[in-house]
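Biologist: Got a minute to walk me through this one? I'd like to start with a single residue and then work outwards.
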Amino acid sequence: VKQNPGEGEFHQAVKEVLDSLRIVIDANEEKYRKAALLERLVEPERIISFRVPWVDDNGQVRVNKGFRVQFNSAIGPYKGGLRLHPSVNQGILKFLGFEQTFKNSLTGLPIGGGKGGSDFDPKGKSDREVMAFCQSFMTELSKYIGADQDVPAGDIGVGAREIGYLYGQYKRMTGLYEGVLTGKGLSYGGSLVRTQATGYGLIYILDEMLRRNGRELEGKNVVISGSGNVAIYASEKAIQLGAKVVALSDSNGYIYDKSGIRLDVVKEIKEVRRGRIKEYANEVASVAYTEGKGIWTIPCDIALPCATQNELNLEDAKSLKANGCFAVAEGANMPSTREATDFFLENGMLFMPGKAANAGGVATSALEMSQNSLRLSWSFDEVDKKLHEIMVGIYEKTAKAAKRYGVKGNYVAGANIAGFEKVVEAMMAQGIV
Ligand code: NDP
């Protein structure tokens, strides 16, 4: 805490991981201490921070902060998204990069951990302003990334439009046509299924967790927070598998429809018009829109937080349980506070943490990197099948690691242990770096 002041989310993530690794650390204490393994693990290999000046539509020069946290390259080139949101700061990106290292390890693919972004807010900006920002951001970032070095992707506020502008500028700065970003458009090296991957992957692992615990997804009521990329495609797959999605939200409020939300209307509002979730209530009469927080008070069987960090606290967890919810899987990164996570684990609820549950996005990004290297494009079904296999594999690794250390059913510990083991093995083998 003293060495990293003011980085609350980073402390929270590190503490949660190290607490759940206690059993593994105790068993290897001498070896890890001598190699200062934990000290190295929690210190990013490199943080790049830079000025991002750009000109708005009124001719006014604006300045944002830009960052890339290159956290850990033990098992592959740094890989992780770029976030554009006013809340972005170094501590948040460090928490995300730290988590990403274990998540990427869990996928079984050769990717290290990184994260980046800016406090730029794309909301309400014109396309030209977004392009001006992205070009300025990439002008600096392009010096530090590359297809075999660091491969960023999308996250909050970074979708297909932003990736396009960023890619164009990277190419212009370096002269290289290479897989330096993932989430690209299909016409310039993108992979089928990448758009859907995080949401679909979340439902694949949820489905696996339910079936392995004698439950099923079909016929269940599901509450999903957020209405961005992850929330939309989690809804799509959940509906395809026979569940009913009854609520969605954004940072202003939430919609609730007992009869099930119409995803075609949500997609039109969010993906075509870039509108707000409350507009849904103007289109569909049966729905109630409520301003503010409160989505976790809605009765449901399954809750999927898919918006942002610390959006679900202890009170929310208690309210979910009291209203009949028996399973939670995290589409977002660290959406449940530590107290909420502990409550889920101590009260017999099925709980899959984000590190495992939302790894489908980065796994498919790694498949995009493979296709770029091969200069080939795989079909939708091929990529979707691989994504499904990867998510089932993550479930298995997570469940087995928990069982091996005597905490069966604790997927938080399982995911941390399984992710940690591979990174540590690679770090130890590569010497003091
Ligand atoms: P989007 O920008 O597409 O959507 C984010 C959604 O969350 C929006 O509905 C947004 O509402 C809401 N939200 C964002 N910040 C806040 C906040 N501070 N309070 C309340 N609601 C908020 O992002 P994604 O769907 O891509 O990302 C959602 C989560 O999933 C993030 O935690 C991200 O790190 C994680 N994730 C994403 C992956 C991906 O492939 N995209 C991969 C793995 C994890 P509003 O419009 O009002 O801001």
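Modeller: Sure. Gly214 counts as exposed, because it has 6 C-beta neighbours inside 10 Å. Exposed stands for 12 or fewer other C-beta atoms within 10 Å of a residue's own, buried for 20 or more, and partly exposed for anything in between, with C-beta atoms placed from the backbone.

Biologist: What kind of model is this, and how are residues numbered?
Modeller: This is a predicted model: local features need pLDDT of at least 70, side-chain atom pairs count only at pLDDT 80 or more, and totals for chains, interfaces and linings use all residues. Residues are numbered from 1 along each chain as its sequence is written.

Biologist: Back to Gly214, where does it lie?
Modeller: In the loop between helix 8 (194-212) and strand 6 (221-224). Helices (H or I, at least four residues) and strands (E, at least two) are DSSP runs, numbered from the N terminus. The C-alpha atoms of Gly214 and Tyr165 are separated by 46 Å, with those positions 49 residues apart along the chain.

Biologist: Which loop holds Val193, and is it buried or exposed?
Modeller: Val193 sits in the loop between helix 7 (160-174) and helix 8. Val193 is buried, with 24 other C-beta atoms within 10 Å. Its phi is near 75 degrees, a positive value in a residue other than glycine.

Biologist: What about Arg274, buried or exposed?
Modeller: Arg274 counts as exposed, since it has 12 C-beta neighbours inside 10 Å. Arg274 is placed in the loop between helix 10 (263-272) and helix 11 (280-283), and has a positive phi of about 55 degrees although it is not a glycine.

Biologist: Zooming out, how many helices and strands does the protein chain have?
Modeller: It has 17 helices and 12 strands. The radius of gyration, 21 Å, is close to the 22 Å that the globule rule gives for 433 residues, so the protein chain is as compact as a globular protein of that length. That radius is taken over C-alpha atoms, and the rule is 2.2 Å times the number of residues to the power 0.38. Buried residues make up 51% of the 433 residues.

Biologist: And what does the domain assignment give?
Modeller: Domain 1 (8-16 + 42-178) and domain 2 (196-357), with bounds from an automatic or database domain assignment. The contact takes 12 residues from domain 1 and 8 residues from domain 2; contact needs C-beta atoms, placed from the backbone, within 7 Å.

Biologist: Which helix gives the most on the domain 1 side?
Modeller: Helix 5, with 6 residues of the side that touches domain 2.

Biologist: Where does the largest nonpolar core lie?
Modeller: It has 126 residues, and Ile205, Val222, Ile224, Ala234 and Ala247 touch the most other members. Both domain 1 and domain 2 give residues to this core, so it lies between them. A nonpolar core here is a set of buried Ala, Val, Leu, Ile, Met, Phe, Trp, Tyr and Cys residues joined through C-beta atoms within 7 Å.

Biologist: Last topic: how many residues surround the ligand?
Modeller: 24, and the closest are Gly228, Ser251, Ala307, Ala332 and Gly361. Near means a C-beta atom, placed from the backbone, within 6 Å of the molecule. Helix 9 (residues 229-240) gives the largest share of that shell, 3 residues.

Definitions and conventions
Two residues are in contact if their C-beta atoms, placed from the backbone, lie within 7 Å.
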